[in-house]
Amino acid sequence: MNIKWNADKYTKDFSFVHQYGNDVAELIDCERRSTVIDLGCGNGALTHQLKSKGFNVIGVDDSEELLCIARSNYPDIDFIKADATDFAIEKAVDAVFSNAVFHWIDKEKQSSMLSCVYNTLKDNGQFVFEFGGYGNNALIHEGLKDAFQEYGYSYEMPFYFPTIGEYASLAEQAGFQVRYAALFSRPTELKGENGLRDWIDMFVKAPFHLVADPEDAESIKTLAAQNLKPVLCRKGKWFADYVRIRMKAYKP
């Protein structure tokens, strides 16, 4: 899924994305100076954290807007523009890491992405990642679906949120050995009094391409937020109903 990011706002108001990724990075147990790819590195904040752990890092992302910020903030790191489903690195690496990326990739392209990762790793290389799992933001997407229908539109789910069994199977078909997997809820606080509206503006873009009237699009967002307020707004603070899938696999 290709989207145009508001990179400055993403960096300013959605820093929780890379902050939560620090926990995922703890699963990498390569030696210092091992080479690690941050696949879907975005603005480079997590790539920088990996470098601070002593790894040689390479950031890979397909968003020129986010890479521009990454290169500006971290000029000592190599960042490559490439599609996660069609990339190659000249020299095999020790680990591939990814945070909050794979749910953006269409189900039909997951196998291509996994093959690219597999081919990029050395033997016994580590593949560590986290992304939206089964049930992720279910309340939000159901609220948007209802609001779309209220205005006479259909809501098409723009993300891929698999179960552990489904994704472990895909990884194994690509040749990986899955050694750790978890699916867990992580309600996440959103910034500001318009937290949910801002979240929708940032992350839910594709369904609104089918809404011809810009006024309808804004009204749909307002209605969805109003309907979700009783369940996702607590003491004036908005929360997103995140569910994450986290895995660690090896290339035999």
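A charge is taken to sit over a ring if NZ of Lys or CZ of Arg is within 6 Å of the ring centre and within 35 degrees of the ring normal. In this predicted model, arginine 179 lies over the face of tyrosine 250, at 3.9 Å from the ring centre. Another such contact involves arginine 234, which is placed over the face of phenylalanine 239, with 4.6 Å to the ring centre.

Turning to contacts between rings, the structure contains 17 aromatic pairs. One of them joins phenylalanine 102 to phenylalanine 129 in a tilted arrangement, with 5.3 Å from centre to centre and 50° between the planes. Phenylalanine 102 belongs to the loop between strand S4 (93–99) and helix H5 (110–120), whereas phenylalanine 129 is part of strand S5 (residues 121–132), so the pair ties together parts that are 27 residues apart in sequence. Phenylalanine 129 also has a ring partner in phenylalanine 127: the two centres are 4.4 Å apart and the planes meet at 40°, so this pair too is tilted.

How accessible are these rings, buried or exposed? Phenylalanine 102 is buried, with a relative accessible area of 0%. For phenylalanine 129 the relative accessible area is 1%, and because buried means under 20%, this residue counts as buried. Phenylalanine 127 is likewise buried.

It is worth looking at the wider setting of these three residues. Phe102, Phe127 and Phe129 are among the members of one aromatic cluster, which also includes Tyr118, Phe131, Tyr160, Tyr167 and Phe176.

Note on methods: Residues are numbered from 1 along each chain as its sequence is written. This is a predicted model: local features need pLDDT of at least 70, side-chain atom pairs count only at pLDDT 80 or more; totals for chains, interfaces and linings use all residues. Side-chain values use heavy atoms; hydrogens and water are left out. Rings of Phe, Tyr and Trp (its six-membered ring) pair if their centres lie within 6.5 Å; planes under 30 degrees apart count as stacked, over 60 as edge-to-face and the rest as tilted. Helices (H or I, at least four residues) and strands (E, at least two) are DSSP runs, numbered from the N terminus. Buried means under 20% relative accessible area, exposed over 50%, partly exposed in between (1.4 Å probe, protein chains only).
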